[in-house]
Amino acid sequence: MIKINTTTNVNANIYVGEAENQKNVAYANASVSKNGDVSITKSIQDGETFKANKESVLKDFAEFETYVYGLVDTYFSFF
């Protein structure tokens with residue numbers, strides 16, 4: 001017996017700064033299954049820069065989550 005699961009993975013790198021001063025501060029990863037199960041992982045990669053830019057990074061995390069949860073609606077419309 002085989003059971004195949006379809007999942008969409010979404011990744012994001014969160015940066016602060018401009019051009020050559022840009023730093024990768026955090027990373028987010030999500031998995032959305034066709035039945036609407038969602039798993040989101042977030043990681044701070046530069047604690048010092050995160051602390052100095054916390055509001056901005058948290059805003060980007062929120063934007064990422066909004067995008068991911070929007071995929072749930074998309075999945076349900078296809079399956």
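How many bridges join strand 2 to strand 3, and in which sense do the two strands run? Seven bridges join them, and the strands run antiparallel. The model in which this pairing is seen is a predicted one. Its protein chain has an average pLDDT of 90, and 94% of the residues score at least 70. Confidence is highest in strand 3 (residues 38–44), with a mean of 97, and lowest in helix 2 (residues 54–78), where the mean is 88.

The strands offer a convenient starting point. Strand 1 (residues 7–16) is paired with strand 2 (residues 23–33) over 10 bridges, again in the antiparallel sense. In this pairing, Val 16 stands opposite Lys 23 of strand 2. Six residues lie between the strands of this hairpin, where Gly 17 adopts a positive phi near 95°. Strand 2 also pairs with strand 3, and there Tyr 27 has Ser 43 of strand 3 as its bridge partner. The hairpin of strand 2 and strand 3 has four residues between the strands, and in this hairpin Gly 36 takes a positive phi near 95°.

Gly 36 also provides a link to helix 2. Thr 74, a residue of helix 2, has its C-alpha atom 9.7 Å from that of Gly 36, although the two residues are 38 apart along the chain. Thr 74 counts as partly exposed because its relative accessibility is 34%, a value that falls between the limits of 20% and 50%.

The interior may be considered next. The largest nonpolar core comprises 16 residues, of which Val 57, Phe 61 and Phe 64 touch the most other members. At least two residues of this core come from each of strand 1, strand 2 and helix 2, and helix 2 gives the most, with six residues. The surroundings of Phe 64 can be described in further detail. Apart from neighbours within four places in sequence, Phe 64 is in contact with Val 10, Asn 11, Ala 12, Ala 28, Asn 29, Ala 30 and Ile 40.

A further set of contacts involves helix 1 (residues 47–52), which contains Thr 49. Thr 49 is classed as buried because its relative accessible area is 11%, and the limit for this class is under 20%. Beyond residues up to four places away in sequence, Thr 49 touches Val 16, Lys 23 and Val 25. With Lys 23 there is a polar contact between the two side chains, at 3.5 Å.

Lys 23 also takes part in a salt bridge with Asp 46, in which the closest N and O atoms are 3.7 Å apart. Asp 46 is located in the loop between strand 3 and helix 1, whereas Lys 23 belongs to strand 2, so the pair ties together parts that are 23 residues apart in sequence. Lys 23 itself is partly exposed, at 40% relative accessibility.

The structure holds two salt bridges. Besides the pair of Asp 46 and Lys 23, Glu 65 forms a salt bridge with Lys 42, with the closest N and O atoms 2.6 Å apart. This pair links distant parts of the chain, as Glu 65 lies in helix 2 and Lys 42 in strand 3, 23 residues apart. Glu 65 is partly exposed, with a relative accessible area of 23%, and Lys 42 is also partly exposed, at 42% relative accessibility.

Key: Residues are numbered from 1 along each chain as its sequence is written. This is a predicted model: local features need pLDDT of at least 70, side-chain atom pairs count only at pLDDT 80 or more; totals for chains, interfaces and linings use all residues. Side-chain values use heavy atoms; hydrogens and water are left out. pLDDT is the predictor's confidence in each residue, from 0 to 100. Buried means under 20% relative accessible area, exposed over 50%, partly exposed in between (1.4 Å probe, protein chains only). Two strands pair if DSSP finds at least two bridges between them. A nonpolar core is a set of buried Ala, Val, Leu, Ile, Met, Phe, Trp, Tyr and Cys residues joined through side-chain atoms within 4.5 Å. Contact means heavy atoms within 4.5 Å. A polar contact is a pair of N or O atoms within 3.5 Å; within protein, one must be able to donate a hydrogen and the other to accept it, and residues adjacent in sequence count only if both atoms are side-chain atoms. A salt bridge is a side-chain nitrogen of Lys or Arg within 4 Å of a carboxyl oxygen of Asp or Glu.
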